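Load the model in a viewer and keep the sequence panel visible. The tour goes from the whole chain to single residues, one selection at a time.

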Amino acid sequence: MSRIPRERTNPAGKRPGKIGRAGKDAPAVEPLNIIHGALPSREVILRFIADHPQKASKRELAKAFGLKGDNRVELKHMLQELEQEGMLQKTRKSLIRPGALPPVTVLDITTRDKDGDLIGRPAEWPEDQGVAPAVAIRQQSPAGRQGKGKAPVAGLGDRILAKIFPAVDRGGPAYTARIIKVIDRRRGASMGVFRTAPGGGGRLLPIERRGEEMMIDPDFTGGAEDGDLVEVEIARLGRFGLPRAKVLSVVGSVGSEKAISMIAIHAHGIPHVFPPAVIAEAEAAQAASMSHREDWRDVPLITIDPADAKDHDDAVYAELDPSPDNPGGVVVTVAIADVSWYVRPKSALDREALKRGNSVYFPDRVVPMLPERISNDLCSLKEGVDRPALAVRMSFSGEGRKIGHTFHRVMMKSAAKLSYQQAQAAIDGKPDDQTGPMLEPILKPLWHAYEVMKRGRDRRQPLELDMPERKILLKPDGTVDRVVVPPRLDAHKLIEEMMIQANVSAAETLEKKRQPLIYRIHDGPTLAKQEILREFLATLGIPLAKGGNMRANNFNGILAKADGTPHQTMVNEMVLRSQSQAIYGPENIGHFGLNLMKYAHFTSPIRRYADLIVHRALVGSLGFGEGGITPDEEGTLDDIAAEISTFERRAMAAERETVDRLIAHHLAGRVGEEFAGRVSGVTKSGLFVVLPDYGADGFVPISTLGTDYFIYDEAHQALSGERTGLGYRLGDNVTVKLAEAIPLAGALRFEMVSEGRKVPTAVRSFHKAGRRDKGQVRKKPGTRPPRGRH
């Protein structure tokens, strides 16, 4: 039975609670008619959260409505029920209505309204939530709020970090925003490849899948030559013909090495050239001193990394626990490069690192977060060289439970630099000259410690998806040589588990010290995504219980039932799609995928800004000397978390698009050939097909599938013919013919060669009864999709 009482009205003579504004920066909203101190109705709670997004935490709600004692408990139950029903969802630090923007959001300013005011949209917006909402940008006076300080001023094309408020004028955008800071200037320019035209001028070929060609007049070429990657702005839009553009800058030739990754770098606005002040600061850095450090140079810590790694930010060592109170236990030590010693708050290095957020890894290059002098030299835990580090020494019981840990600021000297393959070969009985002497004293104790830790991991049951990662190997000229799936070794798993436990220890220590920090958080699947997955699994006879209390092991049970069946791959893919995206935030909601309550990134400060913040927090809270977190940083953790979460998604998109372009370029000369593929996505407009040998996705438009009327069934993830009942389903192995490859856009278009199979569908019977389901799509004979549409 619901615990929610009837809505209470405001009796005569009672003043309503003082809830009339959404904060001092927000416009006034109509007061709610409530009794201060009485539990409001669900409807009032939902309206208050919509109108006051910055006061939408449990604590703020209780304070706003004056709730105490049992009413606070009832409020908690009400919010849980609303969340389970899909009426609310969690953000980093508050509750919002589904589809609503969080209180702090990164926006791209895209256009102006009829009055000339700037309009922005979220820089990142899930495709399954439709069109991103518009936000009206409120420009402040140059003197800032209350005449204090200098207010940031943004323009068309800029990317900003903004505080979000619900709009009062319901006739315009749903939100208004106040600019907190301008992250990046002039993002309104387009990119493409310049192709000369007879008689002068030329055309711009788009590099985006949904881009369009543009004409460039002879006076506006900016000195671009045929094949150059250029940045342009629209000079004129007409009612007829192609838009006219003007070249702003020439990036370089697309025929050069590393041109493909340069397209992604410029398209996403990824900073890739360090300013002179940053380089100068890095070059002037001196080796760390022994101040506030323990001397650990005799501890045989070793690094285990990819064979081609140029920076080494983590080292490990393990031994049996000598304590008689922990029989069968082990002590694992993880040492991490002490970047906080060299990169201090508000320095040029720090500002540039925050601007980048993380290193970006392309098949042909790395765009580092920090200059090489820092990342590959002073902070890299090189073999046989003194290096400063933050270390954590963790004790595990024989059952794999972490029973204690301590942090230390140390000076270390790596005993060896090993690759994953090298360390694994030694354990497997094939040691080389380097690993042979360290097999008994170092490597075997590490593997024994991992076996002990694995018992704890198996009991914890994190989400165990089987999704092999492919790696592109390039030729010297930067083109694709081949695509491989590197084996998943125990050496990889060992380092991964030790890093996870070090991250847990960092979060636990900082929480115990009541030190503000940035967590790595991962929310559970939304109820809407759970329902989609439940309907799909039901078609395979795999049950998924209803309710909002899903845990990672629930999904592991599903994966286990599909293991070894023809449905294994598509079940893994559907479970992956049901998951939320991990982000950074100063408020802890736990990590769903790892099944951990406390988790913070600590182990990669060379390549992630979030880890650097955690290092500073540890240095400051544990009294480790210089380089600790500052009060100013603590006050802006919410903003920093929003920025670096956006930059992480930017990096992921750039990396993915570069792989798509490389593969499309690799296959461009093989149009007309047939390939083995697998249906990786089913939509109303067609099928996505992945080529497992290449890791590339292409699209089969529904207009090319045949003459039948095709029905889209979301529950079965299938397209099937109404007349024949034949069709295609997620996970089907198929043969396709490459019909078109557009390297610059990373787009592949296929034609289906395989005959469809009998596909069960829930909606065919509805159609035969004369009812058209909104998910049904008719094939349009004779039509051809736009170039590059995916």
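What follows is a list of stops, each with a selection and a description of what is there.

**Stop 1: the whole chain**

This is a predicted model, so colour the chain by pLDDT to begin with. The average pLDDT is 84, and 83% of the residues score at least 70. Select residues 1-31: the pLDDT stays under 50 there, and the model gives this stretch 64 contacts beyond four places in sequence. Then select residues 762-790, where the pLDDT is again below 50 and the model has 68 contacts beyond near neighbours in sequence.

Switch to a cartoon view. The secondary structure consists of 17 helices and 34 strands. Of the 790 residues in the chain, 51% are buried. Taking contacts between residues at least 6 apart in sequence, 67% join residues at least 24 apart. With a surface displayed, the accessible area is about 36700 Å², and carbon and sulfur atoms account for 50% of that.

**Stop 2: helices α12 and α13**

Select residues 552-562 for α12 and residues 568-578 for α13. How do these two helices pack? Their axes are 9 Å apart, at an angle of about 165 degrees. An angle over 145 degrees counts as roughly antiparallel, and α12 and α13 are therefore roughly antiparallel to each other. Their crossing is right-handed. To see the contact, show side chains for Phe555, Ile558, Leu559 and Ala562 on α12, and for Gln568, Val571, Asn572, Val575 and Ser578 on α13.

Stay on α13 and look at what is covered. The buried residues in α13 are Met570, Val571, Asn572, Glu573, Met574, Val575 and Ser578. Add α11 (527-538) and β26 (674-683) to the selection: together with α12, they are among the elements that cover these buried residues.

**Stop 3: helices α9 and α10**

Next, select residues 439-460 for α9 and residues 490-512 for α10. The axes come within 10 Å and cross at roughly 65 degrees, which makes α9 roughly perpendicular to α10. This crossing is left-handed. On the α9 side the contact involves Leu446, Trp447, Ala449, Tyr450, Met453, Arg457 and Arg460. On the α10 side, the residues to show are Asp490, Ala491, Lys493, Leu494, Glu496, Glu497, Met498, Ile500 and Gln501.

**Stop 4: helix α8**

With α9 and α10 still displayed, add residues 420-427, which form α8. Which residues of α8 are buried? They are Tyr420, Gln422, Ala423, Gln424 and Ala426. These buried residues pack against β14 (302-305), β21 (416-419), α9 and α10. After α8 comes Gly429, with a positive phi near 100 degrees.

**Stop 5: two positive phi values outside glycine**

Most residues other than glycine have a negative phi. Two residues to label here have a positive one.

Select Gln461, in the loop between α9 and β22 (471-474). Gln461 has a phi of about 55 degrees. Its relative accessibility is 34%, so Gln461 counts as partly exposed.

Now move to His292, in the loop between α5 (276-283) and β13 (294-295). The phi of His292 is near 60 degrees. Is His292 buried or exposed? At a relative accessibility of 52%, His292 counts as exposed, the cut-off being over 50%.

**Stop 6: Leu622**

Select Leu622 in the loop between α14 (609-621) and α15 (631-635). Its relative accessibility is 25%, so Leu622 counts as partly exposed. Setting aside residues up to four places away in sequence, Leu622 touches Phe407, Thr509 and Lys513. Add Arg409 and draw a C-alpha to C-alpha distance: Leu622 and Arg409 are 9.6 Å apart in space, with a sequence separation of 213 residues.

**Stop 7: His666**

Finish with α16, residues 637-667, and label His666 within that helix. At 27% relative accessibility, His666 counts as partly exposed. Which residues does His666 contact, leaving aside neighbours within four places in sequence? The contacts are with Val480, Asp481 and Tyr694. Between the C-alpha atoms of His666 and Tyr694 the distance is 9.7 Å, and the two residues are 28 apart in sequence.

Conventions: Residues numbered from 1 in each chain as written. Predicted model: local features only at pLDDT ≥ 70, side-chain atom pairs only at ≥ 80, totals over all residues. Heavy atoms only, no water. Helix = DSSP H or I, 4+ residues; strand = E, 2+ residues; numbered from the N terminus. Buried < 20%, exposed > 50% of the residue type's maximum accessible area, 1.4 Å probe, protein only. Contact = heavy atoms within 4.5 Å. Areas by Shrake-Rupley, 256 points an atom, 1.4 Å probe, with all protein chains shown as cover. pLDDT = per-residue confidence, 0-100. Axes fitted to C-alpha atoms, helices over the stretch in contact; angles between N-to-C directions. Parallel < 35°, antiparallel > 145°, perpendicular 65-115°, else oblique. Left-handed = near helix turned anticlockwise from the far one by under 90°.
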